[in-house]
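Please open the structure in your viewer and keep the selection tool at hand. The tour proceeds from the whole chain to single strands and then to single residues.

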Amino acid sequence: MRWFDGHCDVLYRMWKEPNKHQFYHEECELDVSYHKLMAGKVDIQVFAVFIPPKVAVRNRREVALKQIDLFYQNILAKSNKMKLIKGSFITDRNDKRIGAMLALEGADALEGDLLNLRIFYYLGVRQIGLTWNYANEVADGIEEMRGAGLTEFGKRLLREMNKLGMVADISHLSVQSFWDVLAMPQVEIVASHSNSFTVCPHKRNLTDEQIKAIISRKGLIGLTFYPPFVAMKKQHVMISDLLRHIDHVCALGGGDHLVFGSDFDGIDQKINLLENASQLLHLKEVLCKYYEKSLVEKWAYTNANQFYSRVLAKL
Ligand SMILES: [Zn+2]
């Protein structure tokens, strides 16, 4: 079964702990390493560039460029085992390389300048999480007390992203920012790592109205493995807890829009037996036990393939 993972922070971790991690070493401690991706049978991995809020505003672009350099130097250039996905997904089953997509988690690195957007596009970035939890030049994030929405620059950015064939990731956005993005009809939308608020009332999760809005826009909802977003006030969160989110999104009509975004290497708590990319095998086993294989295949890969093939091939 093919597998797409829509979000991990391994580039951030490699930047934060320089020279500590060798992506291709078998003993590597990262949640997402080459061997763990192979063991978990992952076909496509989205690599996010995350800039922690403590980095000064003037240094954010540089930090993003450093993480992209790590991606090229330590992941792509070290072997011919990974392939950068810029256009369509890998469709040739004989191509054994793992696909890698680049995304920004927070548009802070753009410094409010569309020139920077285009440069990141030229470097291979195809998806932008508009904010992390706080405000930036584009919009407010979910932890921002004032809860404002998209800025004028944010609107210009989304129009330019649309021209280029880029995807807007709404995970982490404030409620107002979310609806401001949805009000722009042409924007291609994913929530790369967010769960259902009805199932687990955490503010990082999506309400039923938000989930339905993403569905009606033919976007993607990437269910994520961070225990506080999966089950509230539970000490040992299990894979079975994640199934409740799947059932709920499907009950809202989202079966063709559901994917997974692990958030591996960006989280310090884990679901039991779902602690790194190799353990995706456990998730696959549980999914195949409870659901028809044709459904699991959609959530695992086909939904993502259809969405990204349509959007990325726009240009
Ligand atoms: Zn995140």
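The stops below each name what to select and then describe what is there.

**The whole chain**

Begin with the entire protein chain, which is a predicted model. Colour the chain by secondary structure: 11 helices and nine strands should appear. The radius of gyration is 18 Å, close to the 20 Å that the globule rule gives for 315 residues, so the chain is as compact as a globular protein of that length. Along the principal axes, the C-alpha atoms fill a box of roughly 50 × 45 × 40 Å.

Next, display the surface. The protein chain exposes about 13,200 Å², and carbon and sulfur atoms supply 50% of that area. Of the 315 residues, 59% count as buried. How far apart in sequence are the residues that touch one another? Among contacts between residues at least 6 apart in sequence, 70% join residues at least 24 apart.

Now select the charged residues. The chain has 40 positive and 37 negative charges, and the mean positions of these two groups are 3 Å apart.

**Strand β2 and its partners**

Select residues 44-50, which form strand β2. Is this strand enclosed or open? Seven of the seven residues are buried, so β2 is largely enclosed by the rest of the structure. In a regular strand, side chains alternate between the two faces of the sheet. In β2, one side carries Ile44, Val46, Ala48 and Phe50, while the other carries Gln45, Phe47 and Val49; all of these are buried, and both faces are covered.

Add residues 4-8, strand β1, to the selection; this strand runs parallel to β2 and is joined to it by three bridges. Phe4 stands opposite Ile44, and Asp5 stands opposite Gln45. β1 is also mostly covered, with five of its five residues buried.

Then add residues 98-105, strand β4. β2 and β4 pair in the parallel sense over seven bridges. Here Gln45 stands opposite Ala100. Gln45 of β2 therefore has a place in both pairings, opposite Asp5 of β1 and opposite Ala100 of β4.

**Strands β7 and β8**

Move to residues 189-191, strand β7, which pairs with β8 in the parallel sense over two bridges. The bridge partner of Ala191 is Ile221 in β8. Select residues 220-223 to see β8 itself: Leu220 and Gly222 lie on one side, Ile221 and Leu223 on the other, and all four residues are buried.

**Asp9**

Return towards the start of the chain and select Asp9, in the loop between β1 and α1 (10-16). Its relative accessible area is 5%; residues under 20% count as buried, so Asp9 is buried. Which residues does Asp9 touch, leaving aside its neighbours within four places in sequence? The contacts are Ala48, Phe50, Glu105, Asp263, Phe264, Asp265 and Gly266. Ala48 and Phe50 were met earlier, on one side of β2. For a measure of distance, add Glu297, which is 288 residues from Asp9 along the chain; their C-alpha atoms are separated by 24 Å.

**Tyr134**

Finally, select Tyr134, in the loop between β5 (125-129) and α5 (152-164). With a relative accessible area of 38%, Tyr134 is partly exposed. Leaving aside neighbours within four places in sequence, Tyr134 is in contact with Pro53, Ala139, Asp140, Gly141, Glu143 and Glu144. Pro53 is 81 residues away along the chain, and the C-alpha atoms of Tyr134 and Pro53 are separated by 8.1 Å.

Conventions:
Residues are numbered from 1 along each chain as its sequence is written. This is a predicted model: local features need pLDDT of at least 70, side-chain atom pairs count only at pLDDT 80 or more; totals for chains, interfaces and linings use all residues. Side-chain values use heavy atoms; hydrogens and water are left out. The radius of gyration is taken over C-alpha atoms; the globule rule is 2.2 Å times the number of residues to the power 0.38. Buried means under 20% relative accessible area, exposed over 50%, partly exposed in between (1.4 Å probe, protein chains only). Contact means heavy atoms within 4.5 Å. Accessible areas come from the Shrake-Rupley method with a 1.4 Å probe; for residues, only the protein chains shown count as cover. Lys and Arg count as positive and Asp and Glu as negative; His and the chain ends are not counted. The place of a charge is taken as NZ of Lys, CZ of Arg, CG of Asp or CD of Glu.
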